[in-house]
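Q: Could you take me through one part of this protein closely, the way you would at the bench with the model open between us? I would like to look at the aromatic pairs and then at the sheets around them.

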Amino acid sequence: MARTQRNKATMGHLGLLKARLAKLRRELITPKGGGGGPGEGFDVAKTGDARIGFVGFPSVGKSTLLSNLAGVYSEVAAYEFTTLTTVPGVIKYKGAKIQLLDLPGIIEGAKDGKGRGRQVIAVARTCSLILIVLDVLKPLQHKRIIEKELEGFGIRLNKTPPNISFRKKEKGGVNLTATCAQSQLDLDNVKTILSEYKIHNADITLRSDATADDLIDVIEGNRAFIPCIYVLNKIDQISIPELDIIYKIPHTVPISAHHKWNFDDLLEKIWEYLDLVRIYTKPKGQLPDYEAPVVLKCGQSNVEDFCNNLHKAIMKEFKYALVWGASVKHNPQKVGKEHLLSDEDVIQIVKKV
């Protein structure tokens with residue numbers, strides 16, 4: 001595929017090969033038949049408002065980072081593969097409880113099962129944010145390998161889901177609608193890819209300039225789109241001019257886990273990428289409780305989401321809510337269940353009598 005010249009004549013053939021590869025990868029990830037039990041030490045219960053996984057090669061400083069951030073002991077030694085199971089820790093930052101997972105080091109070929117790589121990447125799929133911890137002296141070489149391993153397991157880093165709607169139907173053939181100009185996909189290419197999945201009747205709408213990979217991701221439907229920060233560790237071993245260059249790389253934070261350098265910048269970046277919304281509660285006739293906010297994901301933070309987070313029964317008795325903060329035009333404002341709340345809003349729920 002890498003040697004194939006890319007033009008209109010070969011696009012259909014390349015799309016077919018990509019679809020075939022995606023199918024084979026899926027069969028590798030989910031083998032048929034009853035497998036053994038879950039890997040020991042990998043089934044960590046989800047706690048807190050968000051979950052962050054540390055992914056990286058052995059001996060890049062993941063355990064030192066967890067120990068110094070969360071105060072949890074994760075065995076640290078000068079040899080590789082010191083961490084053999086998932087080690088959890090929790091930090092409290094800006095009122096939110098964030099679970100940190102120190103995952104065992106992965107090696108090249110992890111997506112194919114080498115070095116318990118599948119269990120490690122399967123845990124990474126459940127995270128709200130992935131921190132790829134890299135050795136600052138060899139970052140690009142390791143970065144490419146880890147990205148390739150995660151991509152092969154259906155994890156898409158710092159990407160948004162493709163703006164493609166796909167619906168199977170009983171009859172009528174393949175209908176393709178594009179709302180903008182397409183540089184790669186046409187009806188023949190789409191039909192070729194769908195035929196590999198034995199789909200001959202479907203409605204597809206492309207709302208952006210999509211690639212064959214985007215269409216395959218939508219058809220597969222098991223892709224995890226997760227934000228990612230590249231943490232370049234051991235900056236105590238490089239010069240200041242080199243550090244200035246590293247700071248220009250997107251999605252990157254340079255740190256020294258051993259000396260606890262630049263942890264403030266890392267925590268601020270984590271907060272920015274998690275995109276959480278803190279809502280403070282105000283009981284009637286009392287001051288707001290600023291100690292324990294209700295933490296919601298941005299975009300899933302309307303009044304109904306807030307009520308369901310507290311208790312499912314609240315919505316049955318819900319009448320309206322009073323809100324103070326950035327999401328309203330005047331304080332307090334009477335709002336319904338569809339109102340979208342902003343970070344650090346104060347809310348008071350009024351129930352039906």
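A: Here is a walk through the aromatic pairs, followed by the sheets and helices around them. Please keep in mind that this is a predicted model.

Let's begin with the rings. Searching the whole structure turns up two aromatic pairs. One of them brings together Tyr-93 and Trp-271, with 6.2 Å centre to centre and 70 degrees between the planes, an edge-to-face arrangement. These partners come from distant parts of the chain: Tyr-93 belongs to strand S2 (residues 87-93) and Trp-271 to helix H8 (residues 263-274), 178 residues apart. Both Tyr-93 and Trp-271 are buried.

The other pair is Tyr-280 with Tyr-290. Their ring centres are 5.0 Å apart and their planes stand at 70 degrees, so this pair is edge-to-face. Here Tyr-280 sits in strand S12 (residues 276-281) and Tyr-290 in strand S13 (residues 289-297), 10 residues apart. Tyr-280 has 7% relative accessibility and therefore counts as buried.

Now follow Tyr-93 into its sheet. S2 is part of an open sheet of six strands, ordered S2-S3-S1-S4-S10-S11, and the pairing is mixed. S2 and strand S11 (252-254) are the edge strands; each has a single partner strand, so one side of each is left without a neighbour in the sheet. On average, neighbouring strands here are turned by 25 degrees against each other, direction ignored. Further in, strand S1 (residues 50-56) and strand S4 (residues 129-135) run parallel and are joined by five bridges. If you want a spot to click on, Val-55 has Ile-132 in S4 as its bridge partner. H8, the helix that carries Trp-271, packs on this sheet and touches S1, S2, strand S3 (96-102), S4, strand S10 (228-233) and S11. The direction of H8 makes about 170 degrees with that of S10.

There is also a charge to look at beside a ring: the charged end of Lys-143 sits over the ring of Tyr-230, 4.7 Å from its centre.

The tyrosine pair leads to another sheet. S12 and S13 belong to an open sheet of five strands with the order S13-S12-S16-S14-S15 and mixed pairing. S13 and strand S15 (333-335) stand at its edges, and each has a single partner strand, so one side of each lacks a neighbour in the sheet. From one strand to the next, the twist averages 40 degrees. Strand S14 (residues 318-324) and S15 run antiparallel, with three bridges between them. Within that pairing, Leu-322 has Lys-334 in S15 as its bridge partner. Lys-334 also lies over the face of Tyr-320, at 4.4 Å from the ring centre. Helix H9 (residues 303-310) lies across S12, S13, S14, S15 and strand S16 (345-351), and runs at about 110 degrees to S13.

Next, turn to strand S8 (residues 202-206), where five of its five residues are buried. In a regular strand, side chains alternate between the two faces of the sheet. In S8, Ala-202, Ile-204 and Leu-206 point one way, while Asp-203 and Thr-205 point the other way, and all are buried. S8 has paired strands to look at as well. Strand S6 (residues 164-168) runs antiparallel to S8 and is joined to it by five bridges, with Ile-164 opposite Leu-206. Strand S7 (residues 174-178) pairs with S8 in the parallel sense, over five bridges, and there Leu-176 stands opposite Ile-204.

S7, helix H5 (residues 187-196) and S8 together make a left-handed β-α-β unit. One residue of H5 to pick out is Asn-189. Asn-189 counts as buried because its relative accessibility is 8%. Leaving aside neighbours within four places in sequence, Asn-189 is in contact with Met-11, Gly-12 and Gln-184.

To finish, move on to helix H6 (residues 212-220), where the buried residues include Ala-212, Leu-215, Ile-216, Asp-217, Ile-219 and Glu-220. Just after H6 comes Gly-221, which takes a positive phi of about 70 degrees.

Definitions and conventions
Residues are numbered from 1 along each chain as its sequence is written. This is a predicted model: local features need pLDDT of at least 70, side-chain atom pairs count only at pLDDT 80 or more; totals for chains, interfaces and linings use all residues. Side-chain values use heavy atoms; hydrogens and water are left out. Rings of Phe, Tyr and Trp (its six-membered ring) pair if their centres lie within 6.5 Å; planes under 30 degrees apart count as stacked, over 60 as edge-to-face and the rest as tilted. Helices (H or I, at least four residues) and strands (E, at least two) are DSSP runs, numbered from the N terminus. Buried means under 20% relative accessible area, exposed over 50%, partly exposed in between (1.4 Å probe, protein chains only). A charge sits over a ring if NZ of Lys or CZ of Arg is within 6 Å of the ring centre and within 35 degrees of the ring normal. Two strands pair if DSSP finds at least two bridges between them. Axes are lines fitted to C-alpha atoms, for helices over the stretch in contact, and angles run from 0 to 180 degrees between N-to-C directions. Contact means heavy atoms within 4.5 Å. A crossover is right-handed if, with the strands pointing away from the viewer, the path from the first strand over the helix to the second runs clockwise.
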